[in-house]
Amino acid sequence: MNATDALSVEAIRGRLGADTAWREVCLFGEVPSTNHVLAQLARSGARAGTVVLAEGQTEGRGRCGRTWFSPSGVNLYVSALFREALAASDAPLFSFIASLAVADAVRELGPDPAIKWPNDVLVGGKKVAGALIECATRGVLVDYLIVGVGVNVNVSLAALHAALGPAGTAATSLAEVLGREVDRNALAASYLSHIEAWARRFRTEGAAPILAAWRDRDILTGRRVEARRDGERFDGRVLGVNRSGHLVIRPLSGEPREMLAEEIRVLD
Ligand code: BTN
């Protein structure tokens with residue numbers, strides 16, 4: 001089978017175990033955003049275990065209000081629905097769960113990925129994937145969580161650079177790293193199996209194993225960074241992540257500060 005073959009629900013389902021949590025796998029051609037489509041389904045009562053994939057996105061969303069470059073037919077855009085008995089304050093842990101699952105799926109292909117807080121997956125220091133978690137709450141509890149992941153799979157460097165401009169130099173794709181095209185159906189199934197396993201682990205063992213695995217892959221702890229918080233820029237050293245998944249930075253002067261979802265630039 002050619003790696004550039006179209007995504008196929010059958011090919012993905014065939015690789016998931018019979019007892020998979022992913023009961024409903026929906027595949028679209030082009031959508032504005034798989035997170036957006038899944039949020040609509042969730043609001044109309046879709047069950048936990050619903051997954052939305054698309055060949056392309058016209059309004060792919062990234063973190064911090066950015067857009068996510070989403071050309072058709074080459075990459076992975078996948079959103080998964082969770083309905084967890086979870087405090088809303090614990091929702092950021094799903095961003096760690098998502099990046100660990102992507103990192104596991106990438107590692108099965110050969111490269112050894114790292115994670116840059118909160119959920120960028122890097123190979124050779126360049127970003128191959130990111131996650132956008134969207135959470136609906138009822139009071140202090142989570143109603144549903146949408147975990148959206150975008151992976152640069154077979155997109156060319158030329159296309160990345162043309163679309164992202166100077167920021168494109170910080171990104172790459174799995175095909176560029178491996179020197180061969182990657183089977184997107186196999187990658188999707190691998191990612192879904194891993195995220196299911198990490199979510200199960202979180203339910204049975206709590207946050208500790210998630211944080212421990214994530215810390216093993218984290219590239220920011222100990223580094224000097226420039227951070228932006230509440231419109232203010234400051235330099236500091238990363239102390240690590242806390243139990244809630246927030247990044248803790250010690251500024252050059254003053255008390256350590258917790259970061260929620262802000263941008264971090266590595267200085268050293
Ligand atoms: C980031 O900025 O690093 C997060 C990117 C997340 C992109 C994915 S693609 C599938 C899902 N749908 C979206 O619109 N965004 C996420």
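Two strands count as paired if DSSP finds at least two bridges between them. Strands (E, at least two residues) and helices (H or I, at least four) are DSSP runs numbered from the N terminus. The model is predicted, so local features need pLDDT of at least 70 and side-chain atom pairs count only at pLDDT 80 or more, while totals for chains, interfaces and linings use all residues. Residues are numbered from 1 along each chain as its sequence is written, and side-chain values use heavy atoms, with hydrogens and water left out.

**View 1. Strands β9 and β10 pair in the antiparallel sense.** Five bridges link β9 (residues 232–241) to β10 (residues 247–251). Val-241 has Leu-247 in β10 as its bridge partner.

**View 2. An open sheet holds five strands.** Their order is β11-β10-β9-β8-β12, and the pairing is antiparallel. β11 (257–259) and β12 (264–266) are the edge strands, each pairing on one side only. On average, neighbouring strands of this sheet are turned by 45° against each other, direction ignored (axes are lines fitted to C-alpha atoms, for helices over the stretch in contact; angles run from 0 to 180 degrees between N-to-C directions).

**View 3. Polar contacts surround the ligand at Ser-33, Arg-63 and Lys-127.** A polar contact is a pair of N or O atoms within 3.5 Å; within protein, one must be able to donate a hydrogen and the other to accept it, and residues adjacent in sequence count only if both atoms are side-chain atoms. A side-chain N or O atom of Ser-33 is 2.8 Å from an oxygen atom of the ligand. For Arg-63, a backbone N or O atom lies 2.7 Å from a ligand oxygen. For Lys-127, a polar side-chain atom lies 2.6 Å from an oxygen atom of the ligand. The ligand taken alone exposes 420 Å², of which the protein buries 99% (Shrake-Rupley method, 1.4 Å probe; for residues, only the protein chains shown count as cover).

**View 4. β6 gives the largest share of the shell around the ligand.** This share is four residues. The elements that give two or more residues to the shell are α2 (34–43), β3 (76–82), β6 (126–138) and β7 (141–151).

**View 5. β6 forms hairpins with β5 and with β7.** β5 (residues 120–123) runs antiparallel to β6, joined by three bridges, and Leu-122 stands opposite Lys-127. Two residues lie between β5 and β6, and Gly-124 in the turn has a positive phi of about 60°. β6 and β7 pair in the antiparallel sense over 10 bridges, with Ala-136 opposite Tyr-144. Two residues also separate β6 and β7, where Gly-139 takes a positive phi near 65°.
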